[in-house]
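User: I should like to study a protein structure step by step, with the reasoning behind each answer set out. Please show me the sequence and the structure before we begin.

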Amino acid sequence: MTDVSEARSGVLSRIFAAEADTAPGDSHEQVVLCHDRDTGLKAVIAIHSTALGPALGGTRFHAYASEEDAVQDALNLARGMSYKNALAGLDLGGGKAVIIGDPTKIKTEALLRAYGRFVQSLNGRYVTACDVGTYVADMDVIARETEFVTGRSPENGGAGDSSVLTAFGVFQAMRASAQHRWGTPSLKGRRVGVAGVGKVGHYLVEHLVEDGAQVVVTDVSEAAVNRVRAAHPSVEVAADTPALIRADLDVYAPCALGGALNDETVPVLTAQIVCGAANNQLAHPGVEKDLADRGILYTPDYLANAGGVIQVADEIHGFNFERAKAKAAKIFDTTLEIFARAEADGVPPAVAADRLAEKRMAEVGRLRTILLPGSRRG
Ligand SMILES: NC(=O)c1ccc[n+]([C@@H]2O[C@H](COP(=O)([O-])OP(=O)(O)OC[C@H]3O[C@@H](n4cnc5c(N)ncnc54)[C@H](O)[C@@H]3O)[C@@H](O)[C@H]2O)c1
């Protein structure tokens with residue numbers, strides 16, 4: 001008989017990875033493949049860790065090149081959510097789901113509801129939310145089949161658009177970065193470049209202008225740039241992202257897609273601080289060290305952009321905006337703590353953030369071994 005541990009390869013090695021031969025956090029607890037032929041639903045729900053509680057993470061709806069790519073993406077995103085939720089101090093684990101297909105072509109009420117029934121079947125081990133390709137209105141539809149959903153509309157008791165507190169949290173992280181680098185949290189008079197002024201970016205610009213920063217923006221969407229310029233005429237516009245990062249900046253805020261920090265961009269960055277909303281900013285392992293070697297202070301992305309998950313997590317027990325905002329404001333303190341730990345341990349902030357998230361998952365997760373008789377939390 002073949003030893004399954006030897007025969008394992010590809011995506012299965014990401015799920016069943018043993019702690020002995022991989023980094024902490026490389027394995028996943030549970031991966032569910034969901035299929036409903038009539039509606040065309042093909043979904044992957046990946047639960048990375050429930051050490052801290054139910055796995056919360058959004059549903060991405062995307063036309064993947066292959067089903068294997070979709071599973072890989074779900075695994076990566078789920079892992080990221082465990083770290084983000086742990087560092088945000090939430091009693092939530094990490095998970096994420098992907099629905100395979102072009103949302104503009106196949107998204108229907110029936111498909112979303114079929115998906116909702118699969119989420120319900122996990123009985124709360126996974127709680128969903130919006131992500132790329134899914135919106136508040138979709139969560140309202142999914143909520144007709146499952147109670148384990150956040151990011152619904154305010155009229156349905158939901159937290160609504162999470163980009164409001166995502167932008168607020170990024171601003172808090174940026175203030176803490178300024179405090180660490182320049183001794184004052186104010187961005188007044190600093191030149192801040194924002195790449196991507198979509199849902200999060202345009203709110204971030206609002207905070208920055210209010211604080212007295214000189215803001216330079218860029219976006220591939222002319223409409224997005226025009227909207228910002230109409231609201232804030234003092235904002236300058238750079239031709240594109242390569243021009244923005246070469247401009248004379250104090251802070252660079254990547255707020256578009258992932259991979260913004262790579263072998264081409266890091267050597268030409270003029271900013272002393274990088275702090276933005278985009279997920280997965282580091283294109284590959286090692287970029288965090290390249291940034292540190294150039295003396296650029298990098299605020300870990302999942303620390304800076306946790307305001308959105310904090311906002312939707314608050315919905316689980318009945319949404320209260322002020323309570324969620326107060327929690328998102330703590331991103332300021334956590335950012336300072338990460339920089340202090342990074343300096344003390346002689347590692348880049350991204351490594352310090354991973355370590356603190358892993359420490360919380362291990363320490364708080366271990367408490368489940370104390371038996372609470374009759375408790376659902378075992
Ligand atoms: N919305 C949230 O609550 C939230 C939470 C956490 C993380 N994020 C992350 O923040 C980032 C922005 O999210 P969003 O909700 O604002 O998305 P969005 O789609 O509303 O905005 C992204 C903007 O970036 C622009 N863009 C795309 N490619 C670009 C390029 N090459 N150069 C310049 N601009 C470009 C788009 O035109 C768009 O205006 C994403 O990486 C997202 O994953 C968002």
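**Strands, helices and the ligand shell**

Analyst: Strands β7 and β8 (residues 214–218) pair in the parallel sense over five bridges. The model is predicted.

User: Which residue of β8 is the bridge partner of glycine 193?

Analyst: Strand β7 covers residues 191–195, and β7 pairs with β8 in the parallel sense. Within this pairing, the partner of glycine 193 in β8 is valine 216.

User: In what order do the six strands of the open sheet lie?

Analyst: The pairing in this open sheet is parallel. Its edge strands are β9 (236–237) and β12 (297–298), each of which pairs on one side only. Read across the sheet, the order is β9-β8-β7-β10-β11-β12.

User: Is strand β7 largely enclosed or not enclosed by the rest of the structure?

Analyst: A residue counts as buried if 20 or more other C-beta atoms lie within 10 Å of its own. Four of the five residues of β7 are buried, so the rest of the structure leaves this strand largely enclosed.

User: How many residues of strand β5 (residues 93–100) are buried?

Analyst: In a regular strand the side chains alternate between the two faces of the sheet. On one side of β5, Gly93, Gly95, Ala97 and Ile99 are buried, and on the other side Gly94, Lys96, Val98 and Ile100 are buried. Both faces of β5 are thus covered. The number of buried residues in β5 is eight of eight.

User: In which sense does strand β2 (residues 41–49) pair with β5, and over how many bridges?

Analyst: One pair of bridge partners is alanine 46 and lysine 96, the latter in β5. The strands β2 and β5 pair in the antiparallel sense, over six bridges.

User: In which sense does strand β4 (residues 59–62) pair with β5, and over how many bridges?

Analyst: Histidine 62 has isoleucine 100 of β5 as its bridge partner. Strand β3 (residues 55–56) also runs parallel to β5, joined to it by two bridges, and there leucine 56 has glycine 94 as its partner. For β4 and β5 the sense is parallel, and the number of bridges is four.

User: What should the 15 residues of helix α15 (residues 331–345) span, and how far apart are its end C-alpha atoms?

Analyst: The expected span is 1.5 Å times one less than the number of residues. For the 15 residues of α15 this gives 21 Å, and the distance between its end C-alpha atoms agrees: 21 Å.

User: Why do the buried residues of α15 line one face of the helix?

Analyst: The buried residues of α15 are Ile331, Thr334, Thr335, Ile338, Phe339 and Ala342. An α-helix has 3.6 residues a turn, so residues three or four places apart point the same way. Seen down the axis of α15, the buried residues line one face because they fall within an arc of 140 degrees.

User: Which exposed residues does the face of α15 turned away from its buried side carry?

Analyst: On the buried side, the residues of α15 pack against several helices, among them α3 (67–87), α7 (163–182) and α16 (349–366). The face turned away from that side carries the exposed residues Asp333, Glu343 and Ala344.

User: Is tyrosine 83 buried or exposed?

Analyst: Tyrosine 83 lies in helix α3. Beyond its neighbours within four places in sequence, tyrosine 83 is in contact with Gly94, Tyr302, Asp354 and Ala357. Because tyrosine 83 has 24 C-beta neighbours inside 10 Å, this residue counts as buried.

User: Is asparagine 123 buried or exposed?

Analyst: Asparagine 123 is in the loop between α5 (109–121) and β6 (126–127). Its phi is positive, about 55 degrees, although asparagine 123 is not a glycine. With 11 C-beta neighbours inside 10 Å, asparagine 123 counts as exposed.

User: Which helix gives the most to the shell around the ligand?

Analyst: Of the 24 residues around the ligand, Gly196, Gly198, Lys199, Ala256 and Gly308 come nearest. By class, this shell has 10 nonpolar, 12 polar and two charged residues. Helices α7 and α8 (199–211) each supply at least two residues of the shell. The helix that gives the most, with three residues, is α8.

Note on methods: Residues are numbered from 1 along each chain as its sequence is written. This is a predicted model: local features need pLDDT of at least 70, side-chain atom pairs count only at pLDDT 80 or more; totals for chains, interfaces and linings use all residues. A residue is buried if 20 or more other C-beta atoms lie within 10 Å of its own, exposed if 12 or fewer, and partly exposed in between; C-beta atoms are placed from the backbone. The arc is that of the directions from the helix axis to the C-beta atoms. Two residues are in contact if their C-beta atoms, placed from the backbone, lie within 7 Å. A residue is near a molecule or strand if its C-beta atom, placed from the backbone, lies within 6 Å of it. Ala, Val, Leu, Ile, Met, Phe, Trp, Tyr, Cys and Pro count as nonpolar, Asp, Glu, Lys and Arg as charged, and the others, Gly among them, as polar. Two strands pair if DSSP finds at least two bridges between them.
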